[in-house]
Amino acid sequence: MEETLKIVVLVKHVPDAQFDRHITGPGNTTDRDESILSELDEYALEAALQLAEERGGPKAGNEVVALSMGPSGAVNAVKKSLQIGAYSGVHLSDDALAGSDAAATSLALAAAIRHISADGRPVDLVLTGMASTDGETSLIPAQLAERLSFPQVTFASSLDVSGGQVSARRDAGAFSETVEAQLPAVVSVTDQINEPRYPNFKGILAAKKKKIASLSLADIGLDASQVGLAGSWTVVESADARPPRTAGTIITDDGDAGIKLVDFLAAQKLL
Amino acid sequence: MANALVFIDNPGAALKKSSLELLTIARSLGETAVAFTGELNDDVAATLGAYGATTVYRPSVEDLDNYLVGPKAAYLAAAVAASGATAVLLDNSPEGKEIAGRLGIKLNAGVITDVVGVEADGTAHKSVLAGSYNTTAKATTPVTVLSVKANNVEPAPAGAAAAPATATVEVPAEGLANSARIAARTEKPLSGRPDLSEARIVVAGGRGVDGDFGPLEELADALGAAVGASRAATDAGWIGHDAQVGQTGVTVSPQLYISAGISGAIQQKAGMQTSKVIVAINKDAESPVFEIADYGIIGDLFKVLPQATAEIKKRKG
């Protein structure tokens, strides 16, 4: 049997991209009504569950902790993760966290992960999605790795852990790469790595008995000036809704639409 | 003392257009230096000079490429210190953004990604929430780190070209520790077409392509375009995942986006709706893509595209 693992999966509660999304308030922050578990985080959770199950699951001493930072509603991302199969949850929530940029978010998440490491055994692996589906900066895995002094293995499209080492395939750039790093590490996974499972009835019932720990800023040893709009290193000065695109000319092909298309491109000086 | 530092990572024989764009933006911010990695050949050095770089920094160690992100960020932090730059510009590639992220933490510097324009005072313009908002953002820290999307400025050489000075920057040893090592690397086969994220024109196909990207590739080649795809087409295995345009793939913003056999669900729309001109071809008149197309053709892509390709070839002689 492989060595057991303690895995933290970062899960984010994001506005559902199926609906119109809005930026509001003095800090130009995203409106978080109608939010769901970020779709890309489900791949990270699935990867964590597979690693833990290969090692005998919770009975053998593996841990899969779903960690979310966000206002009260963000606990729903943790609950959903527990229904899908995470073993326990942590919700980091504090009014002062609102409006945190990537730098402030990574500071708070790093402190939360240290807190989780101090509770029982140290964390071996932090798993994340390739990006959030709202901010989409992809900065958090890199910034978290820098703050924790962990190696980062990002955009993994396959993942293996053995002998205290993580090995991953990465196809993000001009190359296909095999990347290796010592544990503990931060690993972000793409949507190519697996097919995430859905919560089933048994999972939904079981989730009700799973523990969700609530952490405040004080619990993780930070104060309000270090996070939120106050602790951020960037400020969004303006946000203007882009006028929606409107339909242009629509034609039905009468046998010469290809020629008409080229006429249109020529008129637009696109040839 | 430089004002702006541009990171140019292993350009090979010639600088990419996106690097020239970064140099052009940097010059608008003041004196420009370059933090360079890899082989610096004479042509590349001359181009850097022509685009106004006064100093080219190079790392003290050569194996930065054997590690993921960490050591390059450490090198770049040292180059920022050596140059005194207050703005750092990088590519908006996945690795560029990650280097930007780690650099920001090392320097206590605000990082802004996906930038499409930079003002002289460092204010960055970007488009967020899948193109539904335009925002301006600014770092509140002494140094600003910006990852800039391609194709947003016209590259322009400086008025007066001069050979840049070169200087070596010591890469801190801790940069190599705590980093993931690249154990193997294979170059992906080249299509000979432009890079999807940088292409001026993109021809993209979806479910309606039904496994045959041939007509799209021929049109793309006639136009000098890149080929993209919806998630339905990449999930079906008709084309590599690298070609995926959309929320979980590449976000493109070309001059012209030709969408063929793609219904235009929100996932795909998120990746292309900031394109300047959108053309859509679909059999189904009810496809949502027609709501955002500047020119829509209700018709069979297997008839319309080859006809357009032949016509373009005819006109181009």
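What follows is a short chat about how chains A and B meet in a predicted model.

Colleague: Happy to look at this with you! Why is H7(A) called oblique to H8(B)?

Modeller: Helix H7 of chain A, residues 257–267, packs against helix H8 of chain B, residues 301–316, at an angle of about 50°. Roughly parallel would need an angle under 35 degrees, and roughly perpendicular runs from 65 to 115, so the pair counts as oblique. The axes are 7 Å apart, and the crossing is right-handed.

Colleague: Nice. Which residues of H7(A) make the contact?

Modeller: A:Ala257, A:Gly258, A:Ile259, A:Leu261 and A:Val262 do. On the H8(B) side, the residues include B:Val304, B:Leu305 and B:Arg315.

Colleague: And what makes A:Gly258 polar in the class count for that contact?

Modeller: Gly is placed among the polar residues by definition, so A:Gly258 falls in that class. The contact as a whole divides into 8 nonpolar, 2 polar and 2 charged residues.

Colleague: How do you know that S15(A) and strand S15 of chain B pair?

Modeller: Pairing takes at least two bridges. Here 4 bridges join S15(A) to S15(B), residues 295–298, so the two strands pair, and they run parallel. Within this pairing, A:Thr252 stands opposite B:Ile298.

Colleague: Zooming out, how many residues of chain A are in contact with chain B?

Modeller: 63 residues of chain A are in contact with 73 of chain B. The largest share of the chain A side, 8 residues, comes from S14(A). By class, that side has 31 nonpolar, 20 polar and 12 charged residues.

Notes. Residues are numbered from 1 along each chain as its sequence is written. Chains are lettered from A and ligands numbered from 1 in the order in which they are written. This is a predicted model: local features need pLDDT of at least 70, side-chain atom pairs count only at pLDDT 80 or more; totals for chains, interfaces and linings use all residues. Axes are lines fitted to C-alpha atoms, for helices over the stretch in contact, and angles run from 0 to 180 degrees between N-to-C directions. Angles under 35 degrees count as roughly parallel, over 145 as roughly antiparallel, 65 to 115 as roughly perpendicular and the rest as oblique. A crossing is left-handed if the near helix is turned anticlockwise from the far one by less than a right angle, and right-handed if clockwise. Two residues are in contact if their C-beta atoms, placed from the backbone, lie within 7 Å.
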